[in-house]
Amino acid sequence: MSENLYTYGIIEQEDIQMDIEGVQDAETLYTVDYRTLSALVSEIDTTEPERTDEDVQRHNRVLQQVLEFEDGRTVVPMSFGMAFKNSRTIKGVIRGARRALRSALNDIDGMIELGVKVITIQEDTINEGELRNDIVEQLSAVSVNETENDLFSDRLILNKSYLVDRSNRSEFDEAIEAIESTHTDSVKIQYTGPWAPYNFVDIHIGAEQSGR
Amino acid sequence: MLLIDDLLIRPFISLVEIIQNMALDEMYDTEKIRDELKENQLLFELGERSESEYRQTKEKLETQLKLADEIRSQMSSKVEIKQ
């Protein structure tokens with residue numbers, strides 16, 4: 001049987017084992033440790049998993065599950081598709097990236113990512129710029145950081161990811177509710193999360209060099 | 001005569017090429033199709049599109065995207081052969 005392991009993300013060292021609906025139908029998530037860090041992994045047949053919508057969703061949902069497990073924990077997410085030959089290779093990868101991973105864990109300690117997309121209902125009758133500024137102002141006040149994402153539709157007036165302290169989650173929820181009730185005739189909001197903070201960590205792991 | 005012919009025909013040919021390339025770019029704009037796929041998903045999730053409308057549009061766009069990717073890779077391999 002293959003020893004390949006699919007990696008979802010990195011957390012502070014901890015022994016975790018949980019049931020999941022993981023990438024390529026994996027059913028168990030567990031941890032592989034390197035000193036004070038642990039990789040979240042599940043078993044897989046290949047080191048080059050095909051990128052399908054279903055598996056990308058499973059990858060995200062597993063991270064979400066860990067993010068909310070018990071009292072919640074900080075997760076540095078891996079991008080989809082990081083599978084390695086065995087646990088030894090993963091330890092080597094963590095060793096190589098340990099400074100960046102440690103620094104990322106410190107930067108996002110206790111933080112979650114929330115996604116907000118706003119579409120217009122009646123394009124002609126609203127001042128999009130004014131409306132957008134109003135929304136941005138309210139959400140910036142209850143978040144630590146934010147990134148601008150692609151406006152892939154003419155109807156989208158805002159597509160942002162927000163980094164929010166876990167303890168401020170209810171304030172952020174309330175801000176969204178307030179925006180929804182104030183602008184109920186003009187916009188619809190898609191509010192998603194919590195996600196592992198993909199848009200706020202930027203770690204490139206040299207998997208090829210590490211014998212992936 | 002050859003020179004005059006060249007001068008007369010060349011601008012015309014390049015204009016035709018430009019228009020043809022623009023039309024191909026428009027028709028096989030993979031970025032635009034990917035954006036439309038994302039828009040379709042978002043409008044469905046926000047209840048602006050019914051499930052059947054969403055599925056039909058998704059299928060149509062995925063077929064377009066596959067074709068566009070194939071045409072684009074054929075076009076780029078032709079350019080490589082010329083070089």
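Start by selecting helix 3 (residues 128–140) and helix 4 (residues 169–182) of chain A in this predicted model. The two helices pack at an angle of about 160°, and their axes are 9 Å apart. Because angles over 145 degrees count that way, helix 3 of chain A is roughly antiparallel to helix 4 of chain A. Turn the view until one helix lies over the other: helix 3 of chain A passes helix 4 of chain A in a right-handed crossing.

Now show side chains where the pair touches. On the helix 3 side of chain A, pick Ile135(A), Gln138(A) and Leu139(A). Facing them from helix 4 of chain A are Ala175(A), Ala178(A) and Ile179(A). Coloured by class, this contact between helix 3 and helix 4 of chain A shows five nonpolar residues, one polar residue and no charged ones.

Next, bring up the sheet. Which strands of chain A should you select, and in what order do they lie? Four strands form an open sheet in the order 8-9-7-10 in chain A, with antiparallel pairing. At the edges you will find strand 8 (145–148) and strand 10 (187–195) of chain A, each of which pairs on one side only. Look along the sheet and you can follow its turn: neighbouring strands are rotated by 20° against each other on average, direction ignored.

Zoom in on strand 7 (residues 111–120) of chain A, which runs antiparallel to strand 10 of chain A and is joined to it by seven bridges. For a landmark here, click on Thr120(A), which stands opposite Val187(A) in strand 10 of chain A.

With the sheet still displayed, add helix 3 of chain A again. What does helix 3 of chain A touch on the sheet? Helix 3 packs on the sheet with contacts to strand 7, strand 8, strand 9 (156–165) and strand 10 of chain A. Its direction makes about 5° with that of strand 9 of chain A.

Finally, zoom out and colour by domain. The domain assignment of chain A gives domain 1 as 5–108 and domain 2 as 111–196. Their C-alpha centres lie 29 Å apart. To see where the two domains of chain A meet, select the eleven residues of domain 1 that are in contact with six residues of domain 2. Helix 1 (residues 53–67) of chain A gives the most to the domain 1 side, with four residues. By class, that side of domain 1 of chain A has five nonpolar, five polar and one charged residues.

Definitions and conventions: Residues are numbered from 1 along each chain as its sequence is written. Chains are lettered from A and ligands numbered from 1 in the order in which they are written. This is a predicted model: local features need pLDDT of at least 70, side-chain atom pairs count only at pLDDT 80 or more; totals for chains, interfaces and linings use all residues. Axes are lines fitted to C-alpha atoms, for helices over the stretch in contact, and angles run from 0 to 180 degrees between N-to-C directions. Angles under 35 degrees count as roughly parallel, over 145 as roughly antiparallel, 65 to 115 as roughly perpendicular and the rest as oblique. A crossing is left-handed if the near helix is turned anticlockwise from the far one by less than a right angle, and right-handed if clockwise. Two residues are in contact if their C-beta atoms, placed from the backbone, lie within 7 Å. Ala, Val, Leu, Ile, Met, Phe, Trp, Tyr, Cys and Pro count as nonpolar, Asp, Glu, Lys and Arg as charged, and the others, Gly among them, as polar. Domain bounds come from an automatic or database domain assignment. Two strands pair if DSSP finds at least two bridges between them.
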